[in-house]
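Visitor: I would like a close look at the enclosed spaces inside this protein, starting with the second largest cavity. Which residues line the second largest cavity, and how much space lies in it?

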Amino acid sequence: MKKVLAGLVAAAALITPELAQAEKIVIACGSVGQEKELCTQGAQAWAKKSGHTVEIMSVPTDAGQQLAQFQQLLAAGSADLDVVRIDVIWPGIVANYFIDLKPFVPEDVLKQHFQPIVKNNTVNGKLIAIPWFIEAGLLYYRKDLLEKHGQKPPTTWQELAQTAKTIVDAEKKAGNDKLVGFVFQGKSYEGLTCNALEWVDSFGGGTIVDSTGQVTINNPKAVEAIDFMSSLVGNVVPKGVLSYEEEGARGAFQSGNAVFMRNWPYAWALANSKDSQIKGKVEVMALPKGGPDGKATGALGGWQLGVSKFSAHPEVAVDLVKYLTGPEEQKRRALVGAFNPTIMSLYKDEELLKANPFFGSLYDTFTNAVPRPTITGTKYNQVSTEFRNAVYSTLSGKGKAADNLKKVDAKLKSLGKNGKW
């Protein structure tokens, strides 16, 4: 009997250290479209491989609300969250809450990613996050409706408005009174900042605050851009768009009730899913120019993964981050959900290009996307909020763009130092 007990104790001694190494890692994934589902699948695959467990933290769909949730947890020094999904505009805001990943990631691995994003994620020499997927605003359109009514894909916003009106008017005469011309993210949240930045930049009106820290939003081209888009609301743009986030716009478009939609790349896979009413009827292209002298531009978006400095198991959390941001997982997410990889070599992958043709045709759109004014650092949220609220007021019919942007210009200069950043 003593021998049996001794054997059990010895076995326990061998097993216990192994069990002690199995940790639980909590990760905050996204919640728009297939994001949570794909993140969960990837995290569970890592858990099965590593022997650790993973818990998914629920987050709002609004990126601004997500940031507030994370800031509250991190400011309290909470260890309840290990891995955080970080928006491309957050590094300067949240850098102090994250560990430096440079010691954990070889230089040759970092060089596989788009370097501007790696640079974006590096704050005061510290790599706070590894790139996960990149985004840029795109224009989706119903190719069947354009062909039916003899219309070409628009190259300018003015052409888009006219094409949308032509198709909507013709469809209404034929009894289709549910169709609208164009939907986008018009709610007053970060999504509207992206949309409005695209409009302003496409008209040649700059980027709100330029790379030298100069506030530039109060200019004739910016005014023209916002006034033009405002003129569409209530016409080819339904007033309901002023409450749309990404999923609201996608819902209208994917149900067959919109000719054009501005959205991120993730909408491609969902629009062509087996239960989509518009499967096979959709094309995607760069967003239009702001007139003949304008340029096609899309706002730079994208998400990265970082590890909280309050994590009780930082090395295990880093291992999860490295797995999720690695080439195999990035390819899987691109195939299943059309999430653009940050690893450059994947844009030459034939399987990916077949599933997502625009990965190749719109490569320049992603690599040359217009960044938001993160030069404003920790005050970016205030800058974005002031800008989008002014745009929202104009879209809602509360004042003209000239007056609203003039007020924003003064406010942003007051937030900076001596009128600039």
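Guide: The second largest cavity holds about 30 Å³ of space, where a cavity is a set of points on a 1 Å grid over the protein atoms alone at which a 1.4 Å probe fits but cannot get out, and lining residues have an atom within 4 Å of a point. Grid points are joined across faces, edges and corners, and a volume is the space filled by probe spheres set on the points. This is a predicted model, in which local features need pLDDT of at least 70 and side-chain atom pairs count only at pLDDT 80 or more, while totals for chains, interfaces and linings use all residues. Residues are numbered from 1 along each chain as its sequence is written, and side-chain values use heavy atoms, with hydrogens and water left out.

The lining of this second largest cavity consists of L67, F70, L74, V84, I86, W90, V94 and F98. By class these are eight nonpolar residues, with no polar and no charged ones, given that Ala, Val, Leu, Ile, Met, Phe, Trp, Tyr, Cys and Pro count as nonpolar, Asp, Glu, Lys and Arg as charged, and the others, Gly among them, as polar. Helix α3 gives the most to this lining, with three residues, and α3 and β3 each supply at least two; helices (H or I, at least four residues) and strands (E, at least two) are DSSP runs, numbered from the N terminus.

The structure holds two cavities of 30 Å³ or more, and the largest has a volume of about 250 Å³. Its lining has 21 residues, of which A63, E135, E246, W264 and W303 lie nearest the centre of the largest cavity. The elements α3 (63-75) and β3 (83-87) again each supply at least two lining residues, as do β6 (130-136), α9 (190-202) and β11 (300-307). In the largest cavity the lining has eight nonpolar, five polar and eight charged residues.

Apart from the cavities, there is one disulfide (a pair of cysteine sulfur atoms within 2.5 Å), and this disulfide joins C29 to C39 with an S to S distance of 1.9 Å. The pair links distant parts of the chain, ten residues apart, with C29 in the loop between β1 (24-28) and α2 (35-50) and C39 in helix α2. The link of C29 and C39 is left-handed, with -55° about the S-S bond, and both cysteines, C29 and C39, are buried, which means under 20% relative accessible area with a 1.4 Å probe and protein chains only, exposed being over 50% and partly exposed in between.

How values were computed: On a 1 Å grid over the protein atoms alone, a cavity is a set of points where a 1.4 Å probe fits but cannot get out, and a pocket is an open set with protein on both sides within 12 Å along at least five of seven lines; lining residues have an atom within 4 Å of a point.
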